[in-house]
Amino acid sequence: MTGLIETSTSPHGSLSARFAPLFAEIGATAIDRERARTLPTELVARLAQSGFTALRIPREFGGSEIRLSELAELLIQLAAADSNFVQILRAHFLYTDALRQAPVSPERDEWLRRIGNGEILGGAYTEQSAENRTHFSTTISPDPSGASIISGEKFYSTGSWYADWIITAGEGPDGVAQAVVARDADGVELLDDWNGFGQRLTASGTTRFHDASTAGAPQLPPGVQPGSYGTSLAQFWHIAALAGIAQAVHTETVDYVRSRKRYFAQGAGVVPALDPVVQSVVGELSAARYLAATITRSLAARLDDLDVAITTGGADEALFDEVEVEVYRAQVVVMNSVLSAAARSFDVGGASAVDADRSWDRHWRNARTLASHNPSPLRLVSIGDYDINATSPFRTWLSGVDLRNRA
């Protein structure tokens with residue numbers, strides 16, 4: 001890993017220096033994992049043990065208490081090593097911030113200590129078999145022991161495979177309820193059946209609850225949801241991952257060009273490193289990297305301001321809307337730029353650039369998969385409607401089948 005940016009400091013030196021060796025190991029083994037579909041369970045656990053998953057936790061609970069603008073630098077570097085890792089930890093960090101911003105309570109403080117000690121949260125909310133906006137087919141039923149029993153099936157369970165605790169939602173006695181269950185509890189079944197062509201190692205597949213009990217699992221304080229920022233923080237996470245992909249595309253392309261001795265007869269007749277056409281392509285990749293990183297940093301600073309407003313009670317609907325639309329704008333620009341760069345990189349070489357051992361295709365596939373979580377045409381409609389009509393963007397993202405219109 002090169003180009004690590006100094007961020008916060010700790011008793012063991014800068015955070016960048018602390019994580020650099022582990023990031024380097026993650027990057028050095030990324031292609032082999034991708035080709036063998038080897039889930040990085042041990043490496044994710046080591047990230048947690050190193051304190052990465054506790055970076056946002058207050059120091060009194062064992063964390064580093066860094067700002068999002070500091071975390072953004074580390075997310076870009078981690079995504080440059082392997083973008084799967086950033087997505088794997090997305091739900092964990094969303095719930096971490098929701099807990100940070102929650103009113104002080106014994107339950108909230110216990111969770112902050114657990115996360116400070118390296119425990120990981122995963123989410124299993126989405127269903128493929130229900131309307132999935134105001135109702136779920138999953139049920140959460142009270143048990144005479146005082147625990148709850150969870151029955152049902154979820155999909156897009158990103159992070160749950162690697163987690164200690166899974167947070168889910170279902171139909172309870174009084175409407176939609178939320179519950180936490182141990183990842184290794186009886187009746188919890190996780191399948192690595194995510195079949196996307198990118199982000200293959202996120203294990204974003206099925207979670208089945210076969211009368212799984214929450215007995216012994218600490219529950220979240222009332223009202224704690226992953227959307228305390230609206231959806232701004234959740235979508236920022238994908239933008240940071242895309243910025244890391246742009247960095248990897250640029251870095252790997254530069255290394256490739258520097259090593260090349262063959263040239264094309266139709267070119268300038270010099271080695272690729274001295275060919276103006278090749279230099280121009282690398283310049284495009286460099287600009288895409290800069291754009292994505294700059295936007296990620298700008299959004300992180302904006303979200304830091306929103307975080308302060310939330311925790312001090314100064315966040316109103318107008319501010320939430322403003323930040324949400326800024327994230328939408330950033331999504332469209334970064335998606336287009338990074339996808340273009342990931343495809344354009346192949347123009348610096350001939351057939352050797354598509355050698356499967358280089359696995360450059362993973363960058364486009366991963367970027368396309370991240371971009372597909374947030375269809376840009378829908379973002380553009382929201383942006384235009386906000387600009388023209390001051391229409392508030394819809395800040396709760398769920399999807400599903402409209403059962404009313406099915407035969």
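This report walks through some helices, strands and single residues of the structure above.

Please keep in mind that this is a predicted model.

**Two helix crossings that share α4**

A good place to begin is helix α4, which covers residues 68–81. One of its partners is helix α8, made of residues 232–259. The axes of these two helices come within 7 Å and cross at roughly 50°. Angles under 35 degrees count as roughly parallel and 65 to 115 as roughly perpendicular, so α4 and α8 are oblique to each other. The crossing of α4 with α8 is right-handed. On the α4 side, the contact is made by Leu68, Leu71, Ala72, Leu75, Ile76, Gln77, Ala79 and Ala80. From α8 come Leu233, Phe236, Trp237, Ala240, Ala241, Ala243, Gly244, Ile245, Gln247 and Ala248. Sorted by class, this contact holds 15 nonpolar and 3 polar residues, with no charged ones.

Helix α4 also meets helix α1, which spans residues 15–28. Here the axes come within 9 Å and cross at roughly 15°. With angles under 35 degrees counting as roughly parallel, α1 and α4 are therefore roughly parallel to each other. This crossing, too, is described as right-handed. Leu15, Ser16, Phe19, Phe23, Ile26 and Gly27 are the α1 residues in the contact, and they meet Leu74, Gln77, Leu78 and Ala81 of α4. By class there are 7 nonpolar and 3 polar residues in the contact of α1 with α4, and no charged ones. If you are following along in the 3D view, Gln77 is a handy residue to find: Gln77 takes part in the contact with α8, and Gln77 also appears in the contact with α1.

**A closer look at Leu242**

Staying with helix α8, we can pick out Leu242, which sits in that helix. Leu242 has a relative accessible area of 3%, and because buried means under 20%, Leu242 is buried. Leaving aside residues up to four places away in sequence, Leu242 touches Val334, Met335, Val338, Ala367 and Leu370. Leu370 is 128 residues away from Leu242 along the chain, yet their C-alpha atoms are separated by 7.5 Å.

Two of the helices further along the chain are α10 (317–344) and α11 (361–372), and the loop between them contains Ser359. Ser359 has 4% relative accessibility and counts as buried. Apart from residues up to four places away in sequence, Ser359 touches Ile31 and Glu34.

**The strands**

Now for the strands. Three pairings are set out below.

| Strands | Sense | Bridges |
|---|---|---|
| β6 (residues 165–172) and β7 (residues 175–182) | antiparallel | 8 bridges |
| β5 (residues 148–154) and β9 | antiparallel | 5 bridges |
| β8 (residues 188–190) and β9 | antiparallel | 3 bridges |

Strands β6 and β7 are joined by a hairpin through 2 residues. Within this pair, Thr168 has Ala179 of β7 as its bridge partner. Strand β9 is made of residues 207–213, and β9 pairs with β5 as well as with β8. To trace these pairings residue by residue, look for Lys154 opposite Thr207 in β9, and for Val188 opposite Phe209 in β9.

A loop residue is worth a visit here too: Tyr125 lies between β3 (121–124) and β4 (139–142). Tyr125 has a relative accessible area of 19%; the limit for buried is under 20%, so Tyr125 counts as buried. The C-alpha atoms of Tyr125 and Thr158 are separated by 9.7 Å, with their positions 33 residues apart along the chain.

**Two residues with a positive phi**

Most residues other than glycine have a negative phi. Against that background, which residue of β9 has a positive phi although it is not a glycine? The residue is Asp211, with a phi of about 50°. Asp211 is found in strand β9, and at 54% relative accessibility Asp211 counts as exposed.

Ala390 is also not a glycine and has a positive phi, of about 55°. Ala390 lies in the segment after α12 (376–389). Its relative accessible area is 62%, and as exposed means over 50%, Ala390 is exposed.

Note on methods: Residues numbered from 1 in each chain as written. Predicted model: local features only at pLDDT ≥ 70, side-chain atom pairs only at ≥ 80, totals over all residues. Heavy atoms only, no water. Axes fitted to C-alpha atoms, helices over the stretch in contact; angles between N-to-C directions. Helix = DSSP H or I, 4+ residues; strand = E, 2+ residues; numbered from the N terminus. Parallel < 35°, antiparallel > 145°, perpendicular 65-115°, else oblique. Left-handed = near helix turned anticlockwise from the far one by under 90°. Contact = heavy atoms within 4.5 Å. Nonpolar A, V, L, I, M, F, W, Y, C, P; charged D, E, K, R; others polar. Buried < 20%, exposed > 50% of the residue type's maximum accessible area, 1.4 Å probe, protein only. Pairing = 2+ DSSP bridges.
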